[in-house]
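Me: Before we discuss any labels, please put the structure in front of us. I would like to ask what each label rests on.

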Amino acid sequence: MRRLTAFLLTLLMLLSLAACGGQTSDPPAEDPDAPDTGAGEPVEVLPPEPEPYDILDPTVMPEGGVRDGVTYVAYDGIVEHLFFHPVIAYPELAFDGDAQANGLDDYMVTVDEYNKILQSVYDKGYVLVDIGDVWSETTGEDGQPKMVKNTLYLPEGKKPLILSYDDTNYYDYMLQNGFAYKLIIGEDGKIASWGKDPQGNEVVSRDLDAIPILDKFVEEHPDFSPFGAKGCLSLTGYQGILGYRTQTDTKSWSEAQEANRQKEIEAVKPIVAELKRTGWTFGSHTWGHIRLGSKSMESIQADTARWFDEVGSLVGPTTILFYPHGERPDGNDWQNTGPVFQYLQSQGFRVFASVGIESFSYIKKDICAVICDRLHPDGTTLRHSRDRYLQFYDAKDIMDVTVRPQREIDWA
Ligand SMILES: [Zn+2]
């Protein structure tokens, strides 16, 4: 608003200069909708407002040299990116032979497997970096905005790792299948999970969900997160966020439902604040977990607006979009920049993350955006991609064969 006021003042000055030059005889018409410019008052010089999508915080990453006995050196190599879903706290509920068991086997890891994976990537010299620090937006030589990859300054000998967590909404189907029900703030003031064990007892814990488990791991191994980064939480909106049912329902809506929704919104706010304070960031996974390669433009626009309305309003602005199902907008976001990609970019997204088997990232030349793939530790890759993941861990040491369904394993 202030910036607009300054702009209008400048415009008025330019217009009056033009009038003085005799080019126009009519005074500029009065615009009844124009804001009060405070004409006649001294022009206030204001510092520039922060860019709403400025994701690079230069204070988090020292630029080389020695600090506290640690030598930081420039790193311009590959930045690995692994993603998880919520982790399975109670395998006996997840792998009980019901209709979801094989899907959970394909896409999830158990708490025990997750603990071993964190330990292994730590042992192999990875350190956590925030996805928002890896690339930043700048102005190219042609005056157009573009993304650039930042030089990272890492503790000597360390390798950067981004973590992201999809669908940390704690959907209804997860609650019956051995996952946490929601994130809460425990009595110690720290993020914990709340849920029920197989006997139906309420359980508050920091050992049964991926988010507090990582918090705890970093407390015990602070050098795993030299800049305070944790992971980026990829949220849909159709069943609320983080276990709180903050969504609207277009089919039926009553005052009681709305009152409950408002209660959930108030309840999740301190959780979001504490996550942010402790290094977690947020990205969009679309409101409805929609397929960006095949949905109509109209429905994608409506979905995006709804995400900002119901999720962005709670977690704040983000530049990160995680494709549901890994499905690329317009069918191809790499060689082409189609209308859906252009639309999503126009909504502020700059980092577009899919799923793949390569450590792939690509800065687009024709639009200010970067696309990147993520590797996926889960049952599928534990069973079938042991070699590909050896740089992070050995599936033989990780996979809990005894609790998972008896299905094919390549390395067994
Ligand atoms: Zn998903």
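Reply: This is a predicted model, and one place to begin is glutamate 310, which, once its neighbours within four places in sequence are left aside, is in contact with Gly237, Thr246, Gln247, Thr248 and Trp287. The residue belongs to helix H9, which covers residues 297-315.

Me: Why is glutamate 310 called buried?

Reply: The label requires 20 or more other C-beta atoms within 10 Å, and glutamate 310 has 21 of them, so it counts as buried. As for its surroundings, the C-alpha atoms of glutamate 310 and isoleucine 265 are 9.5 Å apart in space, with their positions 45 residues apart in sequence.

Me: What makes aspartate 167 buried, and where does it lie?

Reply: Aspartate 167 has 20 C-beta neighbours inside 10 Å; because the definition asks for 20 or more, this value meets the cut-off and the residue is buried. Aspartate 167 lies in the loop between S8 and helix H6 (172-175), and it has a positive phi of about 60° although it is not a glycine.

Me: Why is histidine 325 called partly exposed?

Reply: Exposed residues have 12 or fewer other C-beta atoms within 10 Å, buried ones 20 or more, and partly exposed ones a count in between; histidine 325 has 13, and therefore it is partly exposed. Its place is in the loop between strand S14 (320-322) and helix H10 (339-346), and histidine 325, though not a glycine, has a positive phi of about 60°.

Me: What makes aspartate 112 partly exposed?

Reply: With 15 other C-beta atoms within 10 Å, aspartate 112 falls between the two cut-offs of 12 and 20, so it is partly exposed. Aspartate 112 is placed in helix H4, and its C-alpha atom is separated by 8.5 Å from that of alanine 89, 23 residues away along the chain.

Me: How do you know that H4 and H7 meet, and which residues do so?

Reply: Contact calls for C-beta atoms within 7 Å, and Val111, Tyr114, Asn115 and Leu118 in H4 meet Ala210, Ile213, Leu214 and Phe217 in H7. The residues of this contact divide into 7 nonpolar, 1 polar and no charged. The axes of H4 (residues 111-123) and H7 (residues 210-220) come within 11 Å and cross at roughly 35°, and the crossing is right-handed.

Me: Which residues of H7 are buried, and what do they pack against?

Reply: Ala210, Ile211, Pro212, Leu214, Asp215 and Val218 are the buried residues in H7. They pack against H4 and also against strands S3 (80-84), S8 (159-166), S9 (182-185) and S10 (191-196).

Me: How do you know that S2 and S7 pair?

Reply: Pairing needs at least two bridges between the strands; S2 (residues 70-75) and S7 have 4, in the antiparallel sense, so by that definition they pair. Within this pairing, tyrosine 72 stands opposite proline 155 in S7. The two strands belong to an open sheet of 3 strands in the order S1-S2-S7, with antiparallel pairing.

Me: What makes S1 and S7 the edge strands of that sheet?

Reply: Strand S1 (65-67) and strand S7 (152-155) each pair on one side only, and they are the edge strands. Neighbouring strands of the sheet are turned by 40° against each other on average, direction ignored.

Me: How do you know that S5 and S6 pair?

Reply: S5 (residues 135-139) and S6 (residues 145-149) share 5 antiparallel bridges, and because at least two are needed, the strands pair. Threonine 138 stands opposite lysine 146 in S6, and in the hairpin, which has 5 residues between the strands, glycine 143 takes a positive phi near 85°.

Me: How far does the predictor's confidence extend over the protein?

Reply: The pLDDT averages 87, and 85% of the residues score at least 70. Over residues 1-60, however, the pLDDT is below 50, and this stretch has 31 contacts in the model beyond near neighbours in sequence. Where pLDDT is low, the predicted coordinates should not be read in detail.

Terms used: Residues are numbered from 1 along each chain as its sequence is written. This is a predicted model: local features need pLDDT of at least 70, side-chain atom pairs count only at pLDDT 80 or more; totals for chains, interfaces and linings use all residues. Axes are lines fitted to C-alpha atoms, for helices over the stretch in contact, and angles run from 0 to 180 degrees between N-to-C directions. A crossing is left-handed if the near helix is turned anticlockwise from the far one by less than a right angle, and right-handed if clockwise. Two residues are in contact if their C-beta atoms, placed from the backbone, lie within 7 Å. Ala, Val, Leu, Ile, Met, Phe, Trp, Tyr, Cys and Pro count as nonpolar, Asp, Glu, Lys and Arg as charged, and the others, Gly among them, as polar. pLDDT is the predictor's confidence in each residue, from 0 to 100.
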